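Colleague: Please pick one part of this model and go through it closely, beginning with any cut-off that your reasoning depends on. Plain statements will do.

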Amino acid sequence: MSVFTLPWLPPVVFAAVMIAVYIIQLPIIPKDMRIAGIGYYIFLAAVSSCAGILLLGGAPGGAWLTAGMVMFLASDSVLCLQTFTVGDPAPKFDTFVMATYMAAQALLTVG
């Protein structure tokens, strides 16, 4: 059985990851930003799913795109934690956020 016969796999995996991240971050997200957060996480899951489908389909650059989206998800998740942590929005994660963001941009460009 070809892996591409499972095109539903990336959407399920990325949706599950984004739901888990949102639930973990829900207590720190301000109430007036929660709906926007849901929309943004749906967008990230959709774009990541497209990259994963390309990877499973054997498209050239699919692995680079998927790796780039994983880095982008890591960057944005930590950025959310840093931005909305109550009482201590110190730049303690700036290096990680920028390193993963720059890696994501490079991988997406190569892909």
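Modeller: A residue counts as buried when its relative accessible area is under 20%, and as partly exposed between 20% and 50%. Phenylalanine 14 has a relative accessibility of 10%, so it counts as buried. The model is a predicted one, and the part I will go through is helix α3, residues 62-84, together with what packs on it.

First, the setting. The protein chain has four helices and zero strands, and along the sequence the pattern reads α-α-α-α. The C-alpha atoms fill a box of roughly 50 × 25 × 20 Å along the principal axes. Of the 111 residues, 30% count as buried. The accessible surface is about 6600 Å², and carbon and sulfur atoms hold 80% of that area. Among contacts with a separation of 6 or more, 64% join residues 24 or more positions apart.

Now to α3 and its partners, taken in sequence order. Helix α1 covers residues 9-25, and it packs against α3 at an angle of about 10° with the axes 11 Å apart. An angle under 35 degrees counts as roughly parallel, and α1 and α3 are therefore roughly parallel to each other. From α1, the contact takes in Phe14, Met18, Val21 and Gln25; from α3 come Thr66, Val70, Leu73, Ser77, Cys80 and Leu81. Sorted by class, the residues of this contact are seven nonpolar, three polar and no charged.

Helix α2, residues 34-56, also packs against α3, with an angle of about 160° and axes 7 Å apart. Over 145 degrees counts as roughly antiparallel, which makes α2 roughly antiparallel to α3. The crossing of α2 past α3 is left-handed. On the α2 side the contact residues are Tyr40, Tyr41, Leu44, Val47, Ser48, Ala51, Gly52, Leu54 and Leu55, and on the α3 side they are Gly62, Ala63, Leu65, Thr66, Met69, Phe72, Leu73, Asp76 and Cys80. The classes here are 13 nonpolar, four polar and one charged.

The third partner to consider is helix α4, residues 94-110, whose axis comes within 7 Å of that of α3 and crosses at roughly 155°. By the cut-off already used, α3 and α4 are therefore roughly antiparallel to each other. This crossing is left-handed. α3 contributes Trp64, Leu65, Ala67, Gly68, Met69, Met71, Phe72, Ala74, Ser75, Val78, Leu79 and Gln82, while α4 contributes Asp94, Phe96, Val97, Thr100, Tyr101, Ala103, Ala104, Gln105, Leu107, Leu108 and Val110. The contact of α3 with α4 has 17 nonpolar, five polar and one charged residues.

A few residues show what this packing looks like at the level of side chains. Leucine 73 belongs to α3. It is listed in the contact with α1 and also in the contact with α2. Its relative accessibility is 8%, so leucine 73 counts as buried. Leaving out residues up to four places away in sequence, leucine 73 touches Phe14, Met18, Leu44 and Ser48. Methionine 18 is 55 residues from leucine 73 along the chain, yet the two C-alpha atoms are separated by 8.6 Å.

Phenylalanine 14, the buried residue mentioned at the start, sits in α1. Beyond its neighbours within four places in sequence, phenylalanine 14 is in contact with Thr66, Val70 and Leu73, and also with Ala45, Ser48 and Ser49. Valine 97 lies 83 residues from phenylalanine 14 in sequence, and the C-alpha atoms of the pair are 20 Å apart.

Leucine 79 is in α3 too, and is listed in the contact with α4. With a relative accessible area of 36%, leucine 79 falls between the two cut-offs and is therefore partly exposed. The C-alpha atoms of leucine 79 and methionine 102, 23 residues apart along the chain, are 14 Å from each other.

Last comes the loop between α3 and α4, where phenylalanine 93 is placed. Phenylalanine 93 is partly exposed because its relative accessible area is 35%. Not counting residues up to four places away in sequence, it touches Val78 and Gln82. Phenylalanine 93 and leucine 81 are twelve residues apart in sequence, with 9.3 Å between their C-alpha atoms.

Technical notes:
Residues numbered from 1 in each chain as written. Predicted model: local features only at pLDDT ≥ 70, side-chain atom pairs only at ≥ 80, totals over all residues. Heavy atoms only, no water. Axes fitted to C-alpha atoms, helices over the stretch in contact; angles between N-to-C directions. Helix = DSSP H or I, 4+ residues; strand = E, 2+ residues; numbered from the N terminus. Parallel < 35°, antiparallel > 145°, perpendicular 65-115°, else oblique. Contact = heavy atoms within 4.5 Å. Nonpolar A, V, L, I, M, F, W, Y, C, P; charged D, E, K, R; others polar. Buried < 20%, exposed > 50% of the residue type's maximum accessible area, 1.4 Å probe, protein only. Areas by Shrake-Rupley, 256 points an atom, 1.4 Å probe, with all protein chains shown as cover. Left-handed = near helix turned anticlockwise from the far one by under 90°.
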